[in-house]
Amino acid sequence: MTELRADHWRSDEELRASEAKFAGILAIAADAIITIDDMHRIIHFNRGAEEIFGYAADEAIGQSLSILLPQRFRGTHDAQIRAFGESGETARRMGHRRAVAGRRKNGDEFPAEASISKLDLPTRERIYTVVLRDVTERKWIEDADRFLTDSGTRLSQSLQREAVLDAIGDLALPMLGDACVIDVVEDGTMRRVARAVDPERHRLMTRLAAEFPRTWDSPSPVVDVLRRGRPELIEGIDDDWLSRTEEYAEAIALWQEVSARSLYIVPLVVGDRTIASLTLVDAKSGARFTPEMRTLAQRFALAAALALENARLYAAAKRATSARDEVLAVVSHDLRNPISAIAMCARILREAPPTDLAERDRMLTAITEATVWMQGMIRDLLDVSAIEAGGLSVDRQPAALGSIIATAVDMVRGEVEQRSIRLSVDIPMDLRGVNADANRIVQVITNLLGNAIKFTDAGGTVVVRALNEPTSVVVSVVDSGIGIEPEALARIFDRFWQARPTPRRGSGLGLAIARGIVEAHGGRIWVESEVGRGSVFSFSLPTL
């Protein structure tokens, strides 16, 4: 009898030890382990469940399981448990056909994997145990990989710059933000493209991009990101921050309507060049840009930068092909005339030289003029090629602009007199000096004068003017010629382009070269014209 009592005592101890061991395992499990009774009331809630759902065990026990479910699933969940209880299965994986979602104490939903088992107790009670795993992190990784794969596919579908910009804006939302702004560096300036998920915010963002462009002097952090090539996170956006980073009260008001809580600005970098930036806007939680989200945004920016660079290279290749065709046209057509003239004169001088000295001098003069003509066209072709490659040679030194203008005017005075055109110069006595390549600026002014003379009839006027501006000097060539049609003004500085077909002795590159020289000096060139009333070609140069 004593031995039986001892065996029974040992069995009880082993059972209690086993139960304690099992309870300890349940308590430390990272997954949520929840037991409910036949009325679906929670009777066990382990530590993993506390961490996943945010409820303490004493808060959850006794409550209906439905408190852990999103509202939309509560009506069907009880029926599903009853159907499982009546089936012959002892365990079932939940969500194998559709996703399972949990609801935390704070109302947040999360994706989950879950299994359920049932157990009939000797007391004829039935209990159910649910093992649930929060798969938020895993689903985030899957969604992020899918997003990057889909983004790469979409971004590679076009080599047109506008289509690529549209794709970047469309893809960034809503995965990376509630709204976004793309600032693209184009020819030293910034162009803005904006997007937003909801229509009203999209309208506001579009206005911000269109009406308030960034400049390199703007206080916006976008400028810092473009200059440094490093991303920047801005949290806790408020009116004080907006007043420091926006120059215009209207822009501040628009940002306030957007309700931005935080921003993440990521550069789009190719090699050592920052070609654009992507500003992502969080208008909801203010805590969207976690380290994982920032890493994803940077990976997306790499793909976006590559797509933009491919579009740029494609456009450059098209321009190069077009330039090649245009050069071939010049070589095959425009150079044919002087070559033919030289060949004809040389053949006559060799085979049947004129006995008249004046006729012989005329042919030699024709050969010389044709040679100068060809040299000028070749020089122009070399100049425009250098401009296209960004390697135009400019030797900038302090110079008196008045003497530069005088030199250019003297060079065209003979042609002006032959065409009976009145040429005058109007410059102030206190015209400031410039830091410029004098020979190149003479080239610009003579190109503009030659263009004015060509389209001004006999008896007309051409005036060269100059005036001082706060930080620059502006030179203008004003003519009383036939003028330029409005639709032609946008293309007037394009290579080989003419507003109207005209017989010409030249390469058709004069205005394109003039623009390249002026821009290489840090200035700009523009035209104003009215058909029948003449044209004004102007350019600016920074002063000393």
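The following paragraphs lead the reader through a predicted model of a protein chain, from its overall make-up to its sheet, helices and cores.

The protein chain comprises 17 helices and 18 strands. Of its 544 residues, 40% are buried. Among the contacts with a separation of 6 or more, 62% are between residues 24 or more positions apart.

A suitable place to begin is an open sheet of five strands, arranged in the order β8-β7-β11-β10-β9 with antiparallel pairing. In general, strands of a sheet pair through backbone hydrogen bonds, in either a parallel or an antiparallel sense. The edges of this sheet are held by β8 and β9 (232-235); each has a single partner strand, so one side of each is left without a neighbour in the sheet. On average, and with direction ignored, neighbouring strands here are turned by 15 degrees against each other.

At one edge, strand β7 (residues 179-186) pairs with β8 in the antiparallel sense over eight bridges. Within this pairing, C180 stands opposite R195 of β8. The hairpin of β7 and β8 has two residues between the strands, and D187 takes a positive phi near 55 degrees there. Although β8 stands at an edge of the sheet, six of the eight residues of this strand (residues 189-196) are buried, so β8 is largely enclosed by the rest of the structure. At the other edge, β9 is joined by four bridges to strand β10 (residues 262-270), and the two run antiparallel. Here I234 is found opposite L263 in β10.

Helices lie across this sheet. Helix α6 (residues 161-172) lies across β7, β8, β10 and β11 (273-282), and runs at about 150 degrees to β7. Helix α7 (residues 199-211) lies across β7, β8 and β11, running at about 175 degrees to β8.

Helix α5 (residues 136-155) may be considered next. At 1.5 Å a residue, its 20 residues should span 28 Å, and the end C-alpha atoms are 28 Å apart, which agrees. The buried residues of α5 are A144, F147, L148, S151 and L155. These residues cover an arc of only 95 degrees around the axis, which puts them on the same side of α5.

Attention now turns to the nonpolar cores. In soluble globular proteins, nonpolar side chains tend to be buried together. The largest nonpolar core in this model has 44 residues, of which L401, I441, L449 and F539 touch the most other members. Elements that give two or more residues to this core include the helices α14 (401-418), α15 (438-454) and α17 (510-520), together with strands such as β15 (461-468), β16 (472-479) and β18 (534-542). The greatest contribution, eight residues, comes from α15. Leaving aside neighbours within four places in sequence, the contacts of F539 include I441, V444, I445 and L448, as well as V473, V518 and W526. A second, separate core of 34 residues includes F147, I182, A304 and A307. F147 is also one of the buried residues of α5.

A final point of detail concerns H77, which is placed in helix α4 (residues 71-86). Is this residue buried or exposed? The relative accessibility of H77 is 10%, and because buried means under 20%, H77 counts as buried. With neighbours within four places in sequence left aside, H77 is in contact with L65, L69 and M94.

Terms used: Residues are numbered from 1 along each chain as its sequence is written. This is a predicted model: local features need pLDDT of at least 70, side-chain atom pairs count only at pLDDT 80 or more; totals for chains, interfaces and linings use all residues. Side-chain values use heavy atoms; hydrogens and water are left out. Buried means under 20% relative accessible area, exposed over 50%, partly exposed in between (1.4 Å probe, protein chains only). Two strands pair if DSSP finds at least two bridges between them. A nonpolar core is a set of buried Ala, Val, Leu, Ile, Met, Phe, Trp, Tyr and Cys residues joined through side-chain atoms within 4.5 Å. Contact means heavy atoms within 4.5 Å. The expected span of a helix is 1.5 Å times one less than its number of residues. The arc is that of the directions from the helix axis to the C-beta atoms. Axes are lines fitted to C-alpha atoms, for helices over the stretch in contact, and angles run from 0 to 180 degrees between N-to-C directions.
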